[in-house]
Amino acid sequence: MPIQFRWRTSTATKYNFWRVYSGIKLGYIYYYKSRFEQANNTVVQTSIPELNKFRYSATLTLGNGSFNAFVQYNLNTLFNEDAQVNGEAINLQPIKFGIEFYLL
């Protein structure tokens, strides 16, 4: 569920315009499946109790015309404090970035 503040330089006749979108995204991981394969061993995992199913992200999109660049940074960690390796918490905080093109 995204909530965004949008600023654009568009008009009724101008289609090549600048845009800046910033906001937050709220999400929930409903189902997931992880599969690991190696010689003579396959592990399929569908239940990780330490996984934070609720996701909170900050987003920023900058663009001009049909080209956009975006970044999405998760505000909470992927796993809760119970997820540990060798006694240390796993503090994975995903970040996603990329480019988008509008064709129509």
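Q4 stands opposite G23 of β2. This is a predicted model. The strands β1 and β2 run antiparallel and share seven bridges.

**The sheet**

β1 and β2 belong to an open sheet of five strands. The order is β1-β2-β5-β6-β9, and the pairing is antiparallel. β1 and β9 are the edge strands, each pairing on one side only. On average, neighbouring strands of this sheet are turned by 15 degrees against each other, with direction ignored. Strands of a sheet pair through backbone hydrogen bonds, in either a parallel or an antiparallel sense.

At the β9 edge, the partner strand is β6: seven bridges join β6 to β9, again in the antiparallel sense. Within this pairing, V71 has F97 of β9 as its bridge partner. How many of the seven residues of β9 are buried? The number is zero, so β9 lies largely in the open.

The two pairings are set side by side here.

| Strand pair | Sense | Bridges | Opposed residues |
|---|---|---|---|
| β1 and β2 | antiparallel | seven bridges | Q4 and G23 |
| β6 and β9 | antiparallel | seven bridges | V71 and F97 |

**The largest pocket**

Rolling a probe the size of a water molecule over the atoms shows where empty space is left. Here the largest pocket has a volume of about 200 Å³. Its lining consists of Q4, R6, Y21, K25, T59, T61, F70, V71, Q72, K96, E100 and Y102. Two residues from the bridges above, Q4 and V71, are among them.

Which strands supply at least two residues each of this lining? They are β1 (2-8), β2 (18-28), β5 (54-64), β6 (67-74) and β9 (95-101). These strands also make up the open sheet. β6 gives the largest share of the lining, three residues. By character, the lining divides into four nonpolar, four polar and four charged residues. The charged residues in the lining include R6 and E100.

**The salt bridge**

Side chains of opposite charge can pair when their charged atoms come close. The count of salt bridges in this model comes to one. Its partners are E37 and R35, with the closest N and O atoms 2.5 Å apart. Are these two residues buried or exposed? Both E37 and R35 are exposed.

**In brief**

The open sheet runs from β1 to β9 in the order β1-β2-β5-β6-β9. Its five strands each supply at least two residues of the lining of the largest pocket. β9 is an edge strand, and zero of its seven residues are buried.

Terms used. Residues are numbered from 1 along each chain as its sequence is written. This is a predicted model: local features need pLDDT of at least 70, side-chain atom pairs count only at pLDDT 80 or more; totals for chains, interfaces and linings use all residues. Side-chain values use heavy atoms; hydrogens and water are left out. On a 1 Å grid over the protein atoms alone, a cavity is a set of points where a 1.4 Å probe fits but cannot get out, and a pocket is an open set with protein on both sides within 12 Å along at least five of seven lines; lining residues have an atom within 4 Å of a point. Grid points are joined across faces, edges and corners, and a volume is the space filled by probe spheres set on the points. Helices (H or I, at least four residues) and strands (E, at least two) are DSSP runs, numbered from the N terminus. Two strands pair if DSSP finds at least two bridges between them. Axes are lines fitted to C-alpha atoms, for helices over the stretch in contact, and angles run from 0 to 180 degrees between N-to-C directions. A salt bridge is a side-chain nitrogen of Lys or Arg within 4 Å of a carboxyl oxygen of Asp or Glu. Buried means under 20% relative accessible area, exposed over 50%, partly exposed in between (1.4 Å probe, protein chains only).
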